[in-house]
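User: I would like to learn how to read symmetry, contacts and burial in an assembly of several chains. Could you take me through the structure shown here?

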4 protein chains.
Amino acid sequence: MVTQKIRKDDYVLLYLSQRKTYMVKVEKGKTFHTHKGFIKFDDLIGKEYGSRVLSSLGVEFVALKPLLRDYIMKSVRKTQITYPKDTALIVMFSGIGPGSRVVEAGTGTGALTTALAHYVKPHGKVYSYEIREEFLKTAKKNLKRAGLIDLVELKNKDVTAGIDEIDVDTIILDLATPWLVVPHAYTALRPCGTLVSFSPTIDQVVKTVEALKESSFVDIKTVECLMRRMQTERGKTRPQTLMTGHTGYITFARKAMKPEA
Amino acid sequence: MVTQKIRKDDYVLLYLSQRKTYMVKVEKGKTFHTHKGFIKFDDLIGKEYGSRVLSSLGVEFVALKPLLRDYIMKSVRKTQITYPKDTALIVMFSGIGPGSRVVEAGTGTGALTTALAHYVKPHGKVYSYEIREEFLKTAKKNLKRAGLIDLVELKNKDVTAGIDEIDVDTIILDLATPWLVVPHAYTALRPCGTLVSFSPTIDQVVKTVEALKESSFVDIKTVECLMRRMQTERGKTRPQTLMTGHTGYITFARKAMKPEA
Amino acid sequence: MVTQKIRKDDYVLLYLSQRKTYMVKVEKGKTFHTHKGFIKFDDLIGKEYGSRVLSSLGVEFVALKPLLRDYIMKSVRKTQITYPKDTALIVMFSGIGPGSRVVEAGTGTGALTTALAHYVKPHGKVYSYEIREEFLKTAKKNLKRAGLIDLVELKNKDVTAGIDEIDVDTIILDLATPWLVVPHAYTALRPCGTLVSFSPTIDQVVKTVEALKESSFVDIKTVECLMRRMQTERGKTRPQTLMTGHTGYITFARKAMKPEA
Amino acid sequence: MVTQKIRKDDYVLLYLSQRKTYMVKVEKGKTFHTHKGFIKFDDLIGKEYGSRVLSSLGVEFVALKPLLRDYIMKSVRKTQITYPKDTALIVMFSGIGPGSRVVEAGTGTGALTTALAHYVKPHGKVYSYEIREEFLKTAKKNLKRAGLIDLVELKNKDVTAGIDEIDVDTIILDLATPWLVVPHAYTALRPCGTLVSFSPTIDQVVKTVEALKESSFVDIKTVECLMRRMQTERGKTRPQTLMTGHTGYITFARKAMKPEA
């Protein structure tokens with residue numbers, strides 16, 4: 001079996017339990033402290049990914065290689081991030097895949113950007129608009145950490161004033177006034193290109209759907225997704241007590257040609 | 001603006017309304033009949049994708065370029081297919097992306113296979129196991145239609161008897177007895193590789209989770225996803241009356257090294 | 001054990017399966033025909049409630065005494081009825097019980113009226129407004145069948161023009177424009193009286209909540225309720241595939257005194 | 001308009017906001033302290049229910065007359081209580097109403113008992129079994145506070161050993177092992193009597209459904225109910241972020257006669 005060793009400066013997900021995981025950078029000579037004891041990074045270096053390691057208090061952690069979902073959930077946040085359940089649907093509805101050219105607005109701290117960049121590898125591109133410069137700095141950090149920064153062009157620009165790119169495959173909107181971007185999106189998209197908008201309130205959805213109808217988009221649909229965890233144990237199986245009741249609505253549309261005059 | 005023309009033998013999604021779309025192959029000289037009149041394929045050839053065309057009865061259709069989701073929903077079915085909401089989560093949880101090597105079982109008629117192949121482009125591979133030969137034939141047809149057959153190796157084999165591949169990134173299970181595959185999956189996965197299992201019943205989930213715990217998998221979690229459509233129209237906005245109440249549970253896990261003896 | 005015998009002209013619920021039940025009136029000399037054979041009513045008369053009876057084709061039915069929920073679900077309908085899950089919450093939120101005086105609008109065909117009358121027995125009263133006379137006729141029939149007509153005063157009047165009663169305990173609104181009734185409801189309610197409104201669309205809810213705030217109501221809250229059936233069988237346990245995705249939103253409020261000028 | 005005055009020793013619900021309400025006993029000479037200032041009870045006595053009163057810090061409270069739901073939510077708890085959404089469905093499914101005779105087990109601290117007693121007024125009776133004596137003391141206190149103690153017979157007995165009553169209309173089970181009570185319930189119920197069982201885990205449901213089938217119950221069904229709050233405000237309307245994901249499953253059945261041998 002081919003194994004992969006943990007190297008200096010790798011990001012590692014230290015797994016303690018379903019509720020407790022830590023994303024750490026394995027810095028030589030340093031020590032990671034938890035309430036369950038400490039772990040010396042030098043002890044991790046050279047170990048195989050997936051290894052079980054003991055803390056100074058004898059508690060077992062598993063040293064996992066981070067997945068896309070970990071980079072999203074553990075991203076440095078200054079804003080509400082898009083959750084994996086919504087990210088998954090946004091990606092699926094958009095139709096993107098390896099090689100796609102995507103415009104995103106706004107970047108926020110880059111959680112959704114990370115997912116988009118992951119799926120357009122190796123030759124696609126994500127153009128991501130954000131007006132708040134401090135968010136872009138955090139997004140850059142998160143994208144670097146996930147090894148995806150080369151696939152993204154971060155743009156400190158107001159997307160409601162226009163989109164620079166043309167013939168893009170999809171436009172992903174996660175900002176307060178998506179309806180103001182819809183006409184620009186129409187211009188920027190290739191024919192049959194898709195638009196996906198994520199909004200927490202019904203009022204945003206209604207305005208966006210109206211703008212999409214006016215701009216010759218078709219196949220417009222809005223969904224919401226509820227994800228519930230199950231506690232699975234023979235004799236005690238049940239859904240979990242608390243769940244996220246709402247994150248946002250996802251609206252999808254495709255660009256059609258304008259009707260001939 | 002770069003446009004893309006409809007060519008002979010393309011698959012086109014003819015969009016009439018949210019409820020009525022048709023996936024057609026544009027065969028020279030042939031005609032497509034609907035209850036809203038007919039469309040001659042020769043009239044489509046050379047038109048731009050996204051064009052609005054009129055049927056013989058003057059009803060407007062939009063000629064759309066199919067997306068991944070369309071290939072899934074319009075796949076030739078002989079079994080229950082995995083719905084896009086579940087496919088989206090399975091893909092996200094698995095952590096796969098361009099270049100991933102994936103084992104899937106069972107293939108069914110290839111709906112989920114289509115999605116997996118799409119996301120591992122251009123250099124990844126999907127090894128898909130299915131014991132019912134007639135399903136594999138349909139799956140092959142569906143994958144060809146979506147232009148993804150080269151990324152998939154269809155295997156007419158019983159996955160509960162073993163997995164040929166090693167060091168794969170993820171294993172996706174959508175079959176009646178996933179717990180029987182778990183030990184083989186452990187052997188076939190690279191360290192930190194992921195397993196995602198989709199099952200309609202609680203009983204399947206409980207057995208699979210128990211098998212995962214026995215086989216040194218960690219970060220085991222089970223979720224279900226409810227997706228609800230919104231009817232969005234100013235003054236009439238409301239969730240839709242009918243929804244799919246249940247498709248299946250999605251169980252996720254990661255391979256950890258076995259504890260030292 | 002005290003038993004209760006089926007008498008001539010009783011309403012009986014013939015139970016075949018979870019999916020097939022029939023509400024019948026046991027008329028002397030008559031026969032009830034189903035796709036599973038016929039049952040002579042004379043054979044039912046004198047039998048104990050809960051008895052198992054065989055049809056002419058030897059298929060077993062159980063002769064059940066109808067419950068409130070059966071009268072609701074089997075009411076003669078000309079409109080969409082309020083479903084038991086919503087009726088249950090409306091009753092609970094309203095705070096009504098034996099002896100309560102209730103105003104309802106609109107009556108429709110009396111499904112919700114039936115429940116309200118049931119719970120205010122034996123000394124309460126339901127005043128139910130409806131502008132469409134043909135609906136009142138059906139409602140009357142349904143209430144008679146359930147033995148609850150004496151508790152209800154059916155009023156062929158437009159509730160948006162005013163409410164005749166005063167000092168009522170609760171007002172239940174299930175009509176297209178509940179916000180137009182809110183000021184009348186404030187006048188008709190006793191202090192701390194409750195108002196419960198049921199509406200399918202978000203737009204109705206927003207307008208109603210605004211009217212409630214303007215009319216010195218407090219403790220205003222809106223909920224929706226999703227009920228899902230489980231298929232319970234060892235080894236095959238799972239939620240059912242189809243469910244009702246939406247019926248309506250339930251808004252609740254309590255009358256407070258107006259602030260002193 | 002008839003008004004009702006607050007009297008000494010009444011229970012009053014002081015309403016500050018959707019999130020903050022206080023159930024208080026208006027004791028002469030005493031003072032109620034909150035983080036928004038204090039309220040002297042002597043200032044409440046003689047005021048009309050529904051009045052707005054100012055705290056010492058000038059913050060407005062509304063003095064509401066408690067409803068059934070308030071007595072449930074504000075009951076003194078030592079155990080997990082049954083939530084109003086579930087209570088509402090249990091009551092509706094059971095078919096109880098004024099005059100019904102009900103057996104309940106276990107009492108817990110009397111939240112569900114309070115609701116059952118409320119709906120069987122004025123001539124019905126609730127026989128409530130509980131093995132833990134300290135719970136019964138709290139239940140007694142809660143039922144007295146709600147003015148419903150005369151309708152309830154609290155029994156410090158193990159219901160799995162048998163039920164004393166016969167010919168009861170319904171049996172409500174909210175205990176760890178409902179399946180052990182099913183045979184006793186069959187004996188205690190009148191023909192066509194109902195049984196409703198509330199359980200958090202799937203495993204409890206499966207065992208209970210099996211016991212019901214063995215004991216000649218019919219029309220067995222299991223549901224779960226998800227209730228979600230809406231935040232309703234023009235321009236900001238959306239479901240609330242957090243919700244209760246699971247409380248328990250509700251199983252319903254009716255007693256049929258045993259098949260003849």
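Analyst: What follows takes up the relation between chains, then one interface, then the core. This is a predicted model, in which local features need pLDDT of at least 70 and side-chain atom pairs count only at pLDDT 80 or more, while totals for chains, interfaces and linings use all residues. Residues are numbered from 1 along each chain as its sequence is written, and chains are lettered from A and ligands numbered from 1 in the order in which they are written.

User: By what turn and shift can chain A be laid on chain B?

Analyst: Copies are superposed by least squares on the C-alpha atoms of residues with pLDDT of at least 70 in both. Here a turn of 180° with a shift of 0.0 Å along the axis lays chain A on chain B at an RMSD of 0.0 Å, and that is the relation of a two-fold axis. The same surface serves both copies, since 100% of the contact residues of chain A recur in chain B, where contact requires that the C-beta atoms of two residues, placed from the backbone, lie within 7 Å.

User: How many residues of chain A are in contact with chain B, and which element gives the most?

Analyst: On chain A, 64 residues are in contact with 64 residues of chain B. Strand 12 of chain A gives the most to that side, with twelve residues; strands (E, at least two residues) and helices (H or I, at least four) are DSSP runs numbered from the N terminus. The side of chain A that touches chain B divides into 34 nonpolar, 13 polar and 17 charged residues, with Ala, Val, Leu, Ile, Met, Phe, Trp, Tyr, Cys and Pro counted as nonpolar, Asp, Glu, Lys and Arg as charged, and the others, Gly among them, as polar.

User: In what sense does strand 12 of chain A pair with strand 12 of chain B?

Analyst: Two strands pair if DSSP finds at least two bridges between them. These two run in the antiparallel sense over nine bridges, and Glu224(A) stands opposite Arg228(B).

User: Is helix 4 of chain B mostly covered or uncovered?

Analyst: A residue is buried if 20 or more other C-beta atoms lie within 10 Å of its own, exposed if 12 or fewer, and partly exposed in between. Helix 4 of chain B is mostly covered, with ten of its ten residues buried, including Leu116(B).
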